[in-house]
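Trainee: Could you take me through one part of this model, slowly and closely? I would like to see how its pieces fit together.

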Amino acid sequence: CMPRPAPPPPPLLLLLLPLLLLSLLRPAMPLMDAPAFLHTRDGIVLEAAVYVKRPDPSLVGAVVCHPYAPLGGSANDPVVRKVAAYFQSKGVSTVRFNFRGGGASGGAASWTAAAERADVHAAADYLRDTGGARAVVLVGYSYGSIVASATAGERNDVLGVAALSYPYGYLWALTLFRGSAALGSFARAKAPKLLLAGDSDDFTSLSKYSDLEARLRVDSELAAEELEARRGAGGACAPEDRVAAERTRSGTMQIV
């Protein structure tokens, strides 16, 4: 079936995600979240800090994921706090949390960044079930960007995904050689994708980021073709299927 052009991304996404760059350069804004606990689908209890806007005028929530816990990453990382405070200042409900095995969260790190996807699902589910959010933005910093972006490919309510300092150069180590699976899920995400990194990143060079951006474009094209073939087998695709395929194909961008 022939895909038709997708509708433009919602204005809220266009406003919020690019302005993350500016927010990281500004003085810290006050956080308005409060302690809470999340329950994952596999029975792990996670330490979290949540802010639920009532009533929520945007019906959008943001999940912010932290760097690698075994190396000291936590929900209190300065970048994580700053991003969460930025969304809160815009009236967007937020969740930041400690991955399993980090802080006061239960469980243990998986070493493959796979089980941690359930942690991101728990945060997004909380925003939907408790905060009334109809869509979520997933933001990850360093290791958190691996997990957040991979989870984006497993949900239908993701409005956008932002990967801050995606550690592409060490993806093999942080996923125990399962990086292709994480990138594949990232590419399948139907939401627009934002890659944000500095030109002196300690873990990944700009040339590596160019490789990552090119790989995501190729993988997104393959994912779109697979979606079209699977849903169009034996008959014409439904309009929503054609839109999903086109969004998967064209939803990658890079800002450095």
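Mentor: Start where helix α5 passes helix α7: the crossing is left-handed. Remember that this is a predicted model. On the α5 side, the contact is made by Ile 146, Ser 149 and Ala 150. On the α7 side, Ala 182, Ser 185 and Phe 186 make it.

Now the geometry. Two packed helices are described by the angle between their axes and the distance between the axes. Here α5 (residues 143-152) and α7 (residues 179-188) pack at an angle of about 50°. Their axes lie 6 Å apart. Angles under 35 degrees count as roughly parallel, and 65 to 115 as roughly perpendicular. The angle here falls in neither range, so α5 and α7 are oblique to each other.

Next, follow the chain around α5. Strand β5 covers residues 135-141. Strand β6 covers residues 158-164. These two strands run parallel, joined by 6 bridges. One pairing to find is Gly 140, whose bridge partner in β6 is Ala 163. The chain gets from β5 to β6 by way of α5, and this β-α-β crossover is right-handed.

β5 also pairs with strand β3 (residues 60-65). Again there are 6 bridges, and β3 and β5 run parallel. Look for Val 64: its bridge partner in β5 is Val 139. So how covered is β5? Mostly: 6 of its 7 residues are buried.

Put it together. β5 is bridged to β3 and to β6. From β5 the chain crosses through α5, and α5 packs against α7.

Technical notes: Residues numbered from 1 in each chain as written. Predicted model: local features only at pLDDT ≥ 70, side-chain atom pairs only at ≥ 80, totals over all residues. Heavy atoms only, no water. Buried < 20%, exposed > 50% of the residue type's maximum accessible area, 1.4 Å probe, protein only. Helix = DSSP H or I, 4+ residues; strand = E, 2+ residues; numbered from the N terminus. Pairing = 2+ DSSP bridges. Right-handed = clockwise from strand over helix to strand, strands pointing away. Axes fitted to C-alpha atoms, helices over the stretch in contact; angles between N-to-C directions. Parallel < 35°, antiparallel > 145°, perpendicular 65-115°, else oblique. Left-handed = near helix turned anticlockwise from the far one by under 90°. Contact = heavy atoms within 4.5 Å.
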